[in-house]
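User: I'm new to this one and would like a close look at a single part. Could you pick out the strand in the middle of things and walk me through what surrounds it, then work outwards?

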Amino acid sequence: MAGQGTAVDIEIVRLPDAPPSQRATSTDGRIVYAVGDIHGCYPQLSALLEAIVADVEAADVAVPPLLVFCGDYVDRGPESANVVTALIWLARHAALDLVFLRGNHEVMLLDFIDQPEESLAWLRRDGKATLTSYGVRFSDIAPDAYDEECFRLRDRLMDKMPASHLEFLRGLPVTHVCGDYVFVHAGMKPGVPIARQDDEDCLWIGKEFLTSDYRFEKVVVHGHSWSSAEPVVLPNRIGIDTGAYATGALSAVRLDGRRIGFLQARSPDDAAAGSAPRGPKISPGGL
C-alpha cells in the first residue's frame with residue numbers, strides 16, 4: 001500500500017465475537033467491514049488493512065466485501081497526510097467495494113481551507129498535527145497577527161497538499177446503508193427517521209445519541225466517541241471508535257448477516273501498558 005509511514009510494530013488481534021444479532025439479520029449477502037476513527041495513525045491503518053485483506057482471502061467469498069471507513073482520517077495523530085494518501089491509493093487499487101464517510105475533523109480541515117480566519121481553535125487543538133504532517137510547521141499564533149498568520153498557513157498548506165487530497169476530502173458522503181445497518185460518523189438524532197437526519201447531527205452528535213436507547217430503522221454503526229480501546233455493542237448501535245491516537249488501538253467491525261466480529265490493530269507498547277481490550281463491551285440485551 002502506498003505511503004511512507006513511521007515504522008512501528010503493530011499486532012493484529014481478533015476480538016471475541018458479539019452474540020449473533022437478533023435484529024440486524026442482513027448485510028445484503030456480503031461481508032461488511034467498517035473501520036473506526038483513524039486520526040493520523042498510519043501504522044495501525046496499514047496493519048488493519050492487511051488483516052482485512054487476509055480475512056477476505058480466507059473467507060473465499062463470491063460477492064466482493066464492502067469496506068466502510070467512518071470518518072476522522074486526519075488530526076491528533078502524526079500522519080494524517082500519509083493516511084489520506086493510503087486511502088486514495090486504496091480507492092484506486094482495492095478489489096473490495098469501498099465507502100469513505102465524512103467525519104467532523106474533515107469538516108474542520110475544509111473549514112480552515114475555506115475560512116482560515118475562523119479556525120484558530122482547530123489550529124491550536126487538532127490542526128497543528130495535520131499541517132505538520134503535510135510539512136507545514138508553525139508555532140503558537142500571536143493575537144495581533146491572527147488573521148494574517150491563519151491565511152499564510154492556509155496558503156502554505158495548499159502549496160503542500162496534493163490536489164487529489166482536496167478532491168477526496170470534498171467528495172465524502174455522510175451516511176451509507178447496507179442491509180440492516182446504517183453507517184455514519186458520529187451518530188443520529190433519536191426520534192428522527194434516517195432519511196430526515198441532519199448532516200450536522202450525523203457529524204457531531206454526542207451524548208444525546210450515546211445515552212439514548214431509541215432504535216432506528218437500522219442498527220447504527222458509528223465512530224466519533226470513545227471511552228476505551230474496546231468497541232461497544234448495544235441494541236441500537238455499534239461504536240467502533242477506540243481512540244487510536246491515544247490508546248494505539250484501531251478497530252474494525254466485521255458484519256456477515258447476523259454475525260458480528262472485530263479485528264483490531266494495536267501497538268504492543270499500548271497493550272503492555274494495560275490499554276489492551278478484553279473484547280467488545282456488549283449490552284446484556286444484545287442487538
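Analyst: Here's a walk that starts at one strand and moves out to its sheet, a helix, the cores and a few side-chain pairs. Keep in mind that this is a predicted model.

Let's start with strand β6, which covers residues 181–184. Which way do its side chains point? Tyr181 and Phe183 go one way, while Val182 and Val184 go the other, and all four of these residues are buried.

Now look at what β6 pairs with. On one side there's strand β5, residues 175–178, which runs antiparallel to β6 and is joined to it by four bridges. You can trace some of the rungs yourself: Val177 sits opposite Val182, and Thr175 has Val184 as its bridge partner. The two strands make a hairpin with two residues between them, and there Gly179 takes a positive phi near 60 degrees.

β6 also pairs with strand β7, residues 219–222, but this time in the parallel sense, over three bridges. Val182 turns up again here, standing opposite Val220 in β7. As general background, strands of a sheet pair through backbone hydrogen bonds, either parallel or antiparallel.

Step back and you'll see that these strands belong to an open sheet of six, in the order β5-β6-β7-β9-β8-β12, with mixed pairing. Its edge strands are β5 and β12 (281–282), each of which pairs on one side only.

Next, helix α1. The helix runs over residues 42–59 and holds Asp55, whose side chain meets that of Arg14 in a salt bridge (2.6 Å, N to O). Arg14 lies in strand β1 (residues 11–18), so this pair ties together parts that are 41 residues apart in sequence. Is Asp55 buried or exposed? With 10% relative accessibility, Asp55 counts as buried. Asp55 has company in that respect, since the buried residues of α1 include Tyr42, Leu45, Leu48, Leu49, Ile52 and Val56. The length of α1 checks out too: at 1.5 Å a residue, its 18 residues should span 26 Å, and the end C-alpha atoms are 26 Å apart, which agrees. Right after α1 comes Asp60, with a positive phi near 50 degrees.

One of those buried α1 residues, Ile52, leads us into the interior. The largest nonpolar core has 49 residues, and the members that touch the most others are Ile52, Phe69 and Tyr73. Leaving out residues up to four places away in sequence, Ile52 touches Tyr33, Val35, Leu67, Leu96, Ala252 and Leu263. Apart from that core lies another, of 23 residues, among them Val13, Val68, Val99 and Ile238. In soluble globular proteins, nonpolar side chains tend to be buried together.

Phe69 is worth following into the aromatic pairs. The whole structure has eight of them. In one, Phe69 and Phe100 are stacked, 5.1 Å centre to centre with 10 degrees between the planes. Phe69 lies in strand β3 (residues 66–69) and Phe100 in strand β4 (residues 97–100), so the pair ties together parts that are 31 residues apart in sequence. Both of these rings belong to buried residues. For another geometry, look at Trp226 and Tyr245, which are edge-to-face: 6.1 Å centre to centre, 90 degrees between the planes. Trp226 is in the loop between β7 and β8 (232–234) and Tyr245 is in helix α9 (residues 244–247), so this pair links parts 19 residues apart in sequence. Trp226 is partly exposed at 32% relative accessibility, and Tyr245 is partly exposed at 33%. Ring pairs also link Phe69, Tyr73, Phe100 and Phe168 into a cluster.

To finish, back to the salt bridges. The count is eleven. Asp126 and Arg125 form one of them, at 2.9 Å, N to O; Asp126 is buried, with a relative accessible area of 4%, whereas Arg125 is exposed at 51%. Asp155 and Arg154 form another, also 2.9 Å, N to O. There Asp155 is partly exposed at 39% and Arg154 is buried at 17%. Finally, salt bridges that share partners join Arg14, Asp55 and Arg254 into one network.

Definitions and conventions. Residues are numbered from 1 along each chain as its sequence is written. This is a predicted model: local features need pLDDT of at least 70, side-chain atom pairs count only at pLDDT 80 or more; totals for chains, interfaces and linings use all residues. Side-chain values use heavy atoms; hydrogens and water are left out. A nonpolar core is a set of buried Ala, Val, Leu, Ile, Met, Phe, Trp, Tyr and Cys residues joined through side-chain atoms within 4.5 Å. Buried means under 20% relative accessible area, exposed over 50%, partly exposed in between (1.4 Å probe, protein chains only). Contact means heavy atoms within 4.5 Å. Two strands pair if DSSP finds at least two bridges between them. A salt bridge is a side-chain nitrogen of Lys or Arg within 4 Å of a carboxyl oxygen of Asp or Glu. The expected span of a helix is 1.5 Å times one less than its number of residues. Rings of Phe, Tyr and Trp (its six-membered ring) pair if their centres lie within 6.5 Å; planes under 30 degrees apart count as stacked, over 60 as edge-to-face and the rest as tilted.
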